[in-house]
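Here is a short structural report for a computational chemist. Please read it alongside the coordinates.

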Amino acid sequence: EFKNVLKQALKNILLDVKIPEDDYPKAIMLLGVNGVGKTTAIGKLANYYKSQKKECSYGSGRYFPCGCK
């Protein structure tokens with residue numbers, strides 16, 4: 001129950017978020033653990049900017065901290 005309430009509250013907050021129309025070029029960095037929707041979010045952002053006749057390029061990287069002995 002709590003998870004659903006939290007999920008709906010976050011959706012309500014994010015629905016009011018407007019993507020600013022400011023100067024280009026810009027960099028947007030997305031961070032998150034596996035399975036949280038980073039790739040989906042990147043696709044949605046790319047689709048939005050393409051619909052606004054903007055050019056998009058993408059990059060990715062991984063970070064592996066030294067935790068092995």
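The text moves from the whole chain to its helices, loop and tail.

This is a predicted model: local features need pLDDT of at least 70, side-chain atom pairs count only at pLDDT 80 or more, and totals for chains, interfaces and linings use all residues. Residues are numbered from 1 along each chain as its sequence is written, and side-chain values use heavy atoms, with hydrogens and water left out.

## Whole chain

The protein chain has 2 helices and 0 strands. Here helices (H or I, at least four residues) and strands (E, at least two) are DSSP runs, numbered from the N terminus. The radius of gyration is 16 Å, whereas a compact globule of 69 residues would have a value near 11 Å. That radius is taken over C-alpha atoms, and the globule rule is 2.2 Å times the number of residues to the power 0.38. Along the principal axes, the C-alpha trace spans about 50 × 40 × 15 Å.

Of the 69 residues, 3% count as buried. Buried means under 20% relative accessible area, exposed means over 50%, and partly exposed lies in between (1.4 Å probe, protein chains only). The chain exposes about 7,000 Å², and carbon and sulfur atoms supply 59% of that area. Accessible areas come from the Shrake-Rupley method with a 1.4 Å probe; for residues, only the protein chains shown count as cover.

## Helix α1 and its patch

Helix α1 covers residues 2–15 and includes L10. L10 counts as partly exposed because its relative accessibility is 45%. L10 also belongs to a nonpolar surface patch, together with F2, L6, I13, L14 and V17. The patch has about 640 Å² of accessible area together. Patches are made of residues with over 30% relative accessible area and no salt bridge; like charges are joined within 9 Å, and nonpolar side chains (Val, Leu, Ile, Met, Phe, Trp, Tyr) within 5 Å. A salt bridge is a side-chain nitrogen of Lys or Arg within 4 Å of a carboxyl oxygen of Asp or Glu.

## Helix α2

Helix α2 spans residues 38–51 and holds A46. A46 is buried, because its relative accessible area is 10%. Leaving aside neighbours within four places in sequence, A46 is in contact (heavy atoms within 4.5 Å) with C56 and Y58. K44 is also placed in helix α2. K44 is exposed, at 60% relative accessible area.

The structure holds 1 aromatic pair. Y48 and Y49 form this pair, and its geometry is edge-to-face: 5.1 Å centre to centre, with 75° between the planes. Rings of Phe, Tyr and Trp (its six-membered ring) pair if their centres lie within 6.5 Å; planes under 30 degrees apart count as stacked, over 60 as edge-to-face and the rest as tilted. The two partners fall in separate classes of accessibility. Y48 is partly exposed at 26%, whereas Y49 is buried at 7%.

## Loop and tail

A27 lies in the loop between α1 and α2. A27 counts as exposed, with 78% relative accessibility. G32 has its place in the loop between α1 and α2. G32 is partly exposed, at 42%. K53 sits in the segment after α2. Its phi is near 65°, a positive value in a residue other than glycine. K53 is exposed, with a relative accessible area of 75%.

## Separations

The table sets sequence separation beside C-alpha to C-alpha distance.

| Pair | Apart in sequence | Apart in space |
|---|---|---|
| A46 and D23 | 23 residues | 16 Å |
| A27 and S57 | 30 residues | 9.7 Å |
| G32 and Q8 | 24 residues | 20 Å |
| K44 and G32 | 12 residues | 16 Å |

A27 links the loop to S57 in this list, at 9.7 Å. G32 appears with Q8 at 20 Å and with K44 at 16 Å.
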